[in-house]
Amino acid sequence: MTSTNGSTSTGTNSSTTLITNIASLVTNDPSLGDRSPLGLIQDAAVVIDGDRIAWTGDSREAPATDNRVDAGGRAVIPGFVDSHSHLVFGGDRTQEFNARMSGRAYSAGGIRTTVAATRAASDEELERNLTRYLDEALRQGTTTFETKSGYGLTVEHEARALRIAAAHTDEVTYLGAHIVSPDHADDPAAYVALVTGEMLDACAPYARWIDVFCEKGAFDGDQARAILTAGKAKGLHPRIHANQLSYGPGVQLAVELDAASADHCTHLTDADVDALASGGTVATLLPGAEFSTRAEWPDARRLLDAGATVALSTDCNPGSSFTSSVPFCIALAVRDMGMSPDEAVWSATAGGAAALRRTDIGRLTPGAYADLAFLDAPSHVHLAYRPGVPLVREVWRKGVRVSRGADGGL
């Protein structure tokens with residue numbers, strides 16, 4: 001993309017920029033364009049003022065600006081909001097994946113392998129790994145990232161993970177309750193006391209959220225309630241790994257505690273679906289996990305038809321979903337979870353924002369951050385229509401061009 005004088009536009013925080021010649025623009029504002037949830041505008045333009053969107057609309061009505069960028073007839077969408085990832089870790093679990101694809105089932109116990117590798121890694125190694133995957137996701141259109149601790153499981157290692165994460169994203173989640181630490185395998189109650197006491201005190205200053213893996217082999221409903229309630233008392237807002245591997249109390253607990261998100265939601269009763277539809281908790285679906293574990297797909301159609309808010313995220317982690325690609329997850333959701341392309345794109349942008357309880361991301365409307373992804377395609381539908389193809393051409397975050405995906409660089 002070039003400015004009108006032929007030079008490459010890099011974005012600026014001190015002037016206004018018009019992006020025009022957009023084939024189709026996803027705004028996620030139903031008052032605009034075709035009045036759908038995507039607020040789709042054809043032959044569109046966007047004005048950026050500093051780090052925010054100042055105007056969106058028909059290109060023929062665009063106001064004058066300091067700079068002008070030609071989108072080349074591409075589609076433009078909000079940057080993806082990945083509201084669930086685990087990116088502070090050491091090592092990998094290639095052997096586990098290989099064995100599982102050869103017939104061994106996935107269980108929560110594999111997390112212990114990553115715990116050992118993470119504890120052994122240096123701060124520099126963990127940060128290098130984190131930034132590698134954040135950059136990888138950015139090139140694929142993700143402009144907002146949530147990431148968690150959960151691979152340290154001691155006071156020192158959990159606080160370290162969150163300190164490193166907080167240097168790179170505002171959306172940081174304390175997940176000391178990922179599994180019971182191997183150090184407390186014979187005394188889970190003592191570990192819950194640690195997670196809700198000394199570990200929480202050390203970790204709370206770095207985090208916005210608190211999470212718990214409420215599942216057989218991890219934490220039961222009573223333990224999860226105690227952990228999340230303690231976090232709320234420290235000013236952290238709850239989110240829950242819920243109902244991934246089996247039916248359980250996680251979703252009901254999430255709604256009861258006004259958690260921002262119940263994540264996975266694979267095994268749901270009618271009562272669970274009704275609770276999500278009537279409460280303020282987003283159902284965050286993570287199809288990369290089902291793909292990588294050959295598990296049952298979440299039924300997105302059932303949730304959407306009931307009126308629940310659905311988000312799509314990657315669950316990027318070294319064990320059960322080692323993908324940073326939101327476009328890949330969109331394609332899976334459309335192919336195997338009953339979502340339309342429009343619903344999947346909304347869930348990966350505005351839905352992710354809702355799962356983080358934010359209104360300044362996931363949409364392209366005045367006042368929102370100027371986080372945009374340019375697709376080498378005339379429509380957002382191509383994200384599902386052309387699975388596996390690197391369609392993200394450019395990424396802008398807070399009004400600055402930060403990635404040119406097709407050129408392979410930042």
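This report describes a predicted model, covering a sheet, a cavity, the cysteines and two residues with positive phi.

**The sheet**

Strands of a sheet pair through backbone hydrogen bonds, and the pairing is either parallel or antiparallel. In this structure, 8 strands make up an open sheet, and their pairing is parallel. Their order across the sheet is 6-7-8-9-10-11-12-13. Strand 6 and strand 13 (310-312) are the edge strands, since each of them pairs on one side only. On average, neighbouring strands of this sheet are turned by 25° against each other, with direction ignored.

Some of the pairings can be followed residue by residue. Strand 6 (residues 80-82) pairs with strand 7 in the parallel sense over 3 bridges. At this pairing, Asp-82 stands opposite Phe-145 in strand 7. Strand 7 is also joined to strand 8 (residues 171-177) by 3 bridges, and these two strands run parallel. Here Lys-148 has Thr-173 in strand 8 as its bridge partner. Strand 8 in turn is joined by 3 bridges to strand 9 (residues 209-214), again in the parallel sense. The bridge partner of Tyr-174 in strand 9 is Ile-210.

How much of strand 7 is buried? Strand 7 is mostly covered, with 7 of its 7 residues buried.

**The second largest cavity**

Rolling a probe the size of a water molecule over the atoms shows where empty space is left. A search of the whole structure finds 2 cavities of 30 Å³ or more. The second largest cavity holds about 70 Å³ of space. Two elements give two or more residues each to its lining: helix 3 (123-139) and strand 7 (142-148). The lining residues include Tyr-133, Ala-137, Phe-145 and Glu-146. Asp-82 and Phe-145, which stand opposite each other in the pairing of strands 6 and 7, both belong to this lining. Others in the lining are Ser-85, Leu-87, Thr-314, Cys-316 and Ser-324. By type, the lining residues divide into 5 nonpolar, 3 polar and 2 charged.

**The cysteines**

How many disulfides does the structure hold? The structure holds 0 disulfides. Cys-329, for example, is in no disulfide: the nearest cysteine sulfur, that of Cys-316, is 9.2 Å away. A disulfide would need the two sulfur atoms to be within 2.5 Å. Cys-316 is also one of the residues that line the second largest cavity. Cys-329 counts as buried because its relative accessibility is 1%. Cys-203 is likewise buried, with a relative accessible area of 0%.

**Two residues with positive phi**

Leu-153 has a positive phi, near 65°, and is a residue other than glycine. Leu-153 is found in the loop between strand 7 and helix 4 (155-166). Arg-294 is not a glycine either, and its phi is positive at about 55°. Arg-294 lies in the loop between helix 10 (287-293) and helix 11 (300-306).

Are these two residues buried or exposed? Leu-153 counts as buried because its relative accessibility is 1%, under the limit of 20%. Arg-294 is exposed because its relative accessible area is 59%, over the limit of 50%. The table sets out the accessibility values for the residues named in the last two sections.

| Residue | Relative accessible area | Class |
|---|---|---|
| Cys-203 | 0% | buried |
| Cys-329 | 1% | buried |
| Leu-153 | 1% | buried |
| Arg-294 | 59% | exposed |

Note on methods
Residues numbered from 1 in each chain as written. Predicted model: local features only at pLDDT ≥ 70, side-chain atom pairs only at ≥ 80, totals over all residues. Heavy atoms only, no water. 1 Å grid on protein atoms, 1.4 Å probe; cavity = no way out; pocket = protein on both sides within 12 Å on 5 of 7 lines; lining within 4 Å. Points joined across faces, edges and corners; volume = space filled by probe spheres on them. Helix = DSSP H or I, 4+ residues; strand = E, 2+ residues; numbered from the N terminus. Nonpolar A, V, L, I, M, F, W, Y, C, P; charged D, E, K, R; others polar. Buried < 20%, exposed > 50% of the residue type's maximum accessible area, 1.4 Å probe, protein only. Pairing = 2+ DSSP bridges. Axes fitted to C-alpha atoms, helices over the stretch in contact; angles between N-to-C directions.
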